[in-house]
Amino acid sequence: MTVLRPARARPLAAADLPKAAFTAAQPIRFEHCDPAGIVFFGRYFSMMQIAVEEWFAAELGLDYHGIIRDRRVGLGYARAECDYLKPARMGDVLGLTVLVEAVGRSSIGLVLHGHRDGAPVLAGRLVLVTTDLDEAAAIPIPADIRAAVESYQRRCAT
């Protein structure tokens, strides 16, 4: 299996992101914060996952949970990374914008830009891999998922 290994994400201001890009709003709650009152670094990965699930429904028109539960196609990650640019605190609302960087045979490279009031807070990268959950092996991206992802990627490129 070849896994996409993109370079480090370059933070972008919200105004520099494509107008067609999907952005999920993520309120920062008490549960997200560490004793210092800022978001605990690991919680950003949960927030990025929520944004991806919302992106599947809102932009791709696909039932994320149904793909996993009913079709037995895994949508796990082979790689996850995040650059923390500024702290976020309880009461902030982050916008998490999902962009498609690359589409491979069985993997999709995503870049997520997190913003507060338009200013970059985080830049994350996820490499999603489609798998057969029963065989625990990578499979080619199903045609409907590939078509939806590539269509979104084209919309964001213009």
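In this predicted model, the largest nonpolar core has 40 residues, and Trp55, Phe56, Leu110 and Tyr152 touch the most other members. Many parts of the chain contribute: strand 1, helix 1, helix 2, strand 2, strand 3, strand 4, strand 5 (119–132) and helix 3 each supply at least two residues of this core. Helix 1 gives the most, with 8 residues. Such a gathering can be set beside a general trend: in soluble globular proteins, nonpolar side chains tend to be buried together. For a closer look at one of these core residues, Phe56 is a helpful place to pause. Beyond its neighbours within four places in sequence, Phe56 is in contact with Gly61, Leu62, Tyr64, Ile67, Leu75 and Leu128.

Another of the core residues, Tyr152, leads to helix 3. This helix runs over residues 143–157, and its 15 residues should span 21 Å at 1.5 Å a residue; the end C-alpha atoms are indeed 21 Å apart, so expectation and model agree. Seen down the helix axis, the buried residues fall within an arc of 95°, and therefore line one face of helix 3. Which residues of helix 3 are buried? They are Ile145, Ala148, Val149, Tyr152 and Cys156. The spacing is easier to follow with a general rule in mind: an α-helix has 3.6 residues a turn, so residues three or four places apart point the same way. Turned away from the buried side is a face that carries the exposed residues Ala143, Arg154 and Ala157. The cover over the buried residues of helix 3 includes strand 1, helix 1, helix 2 (64–69), strand 2 (73–84), strand 3 (93–103) and strand 4 (107–116).

A different setting is found at Ile38, in the loop between strand 1 (22–27) and helix 1 (43–60). With a relative accessible area of 25%, Ile38 is partly exposed. Leaving aside neighbours within four places in sequence, Ile38 is in contact with His32, Cys33, Pro87, Ala88 and Arg89. Leu99 lies 61 residues from Ile38 along the chain, and the C-alpha atoms of the two are separated by 26 Å.

Cys33, one of the contacts of Ile38, brings up the cysteines. The structure holds 0 disulfides. Why is Cys33 unbonded to Cys82? The sulfur of Cys82 is the closest cysteine sulfur to that of Cys33, yet it is 15 Å away, which is too far for a bond. Cys82 is likewise in no disulfide, the sulfur of Cys33 being its nearest cysteine sulfur. Cys82 itself is buried, because its relative accessible area is 12%, under the 20% cut-off.

Note on methods. Residues numbered from 1 in each chain as written. Predicted model: local features only at pLDDT ≥ 70, side-chain atom pairs only at ≥ 80, totals over all residues. Heavy atoms only, no water. Helix = DSSP H or I, 4+ residues; strand = E, 2+ residues; numbered from the N terminus. Buried < 20%, exposed > 50% of the residue type's maximum accessible area, 1.4 Å probe, protein only. Contact = heavy atoms within 4.5 Å. Expected span 1.5 Å × (residues − 1). Arc of directions from axis to C-beta. Core = buried A, V, L, I, M, F, W, Y, C linked by side-chain atoms within 4.5 Å. Disulfide = S-S within 2.5 Å.
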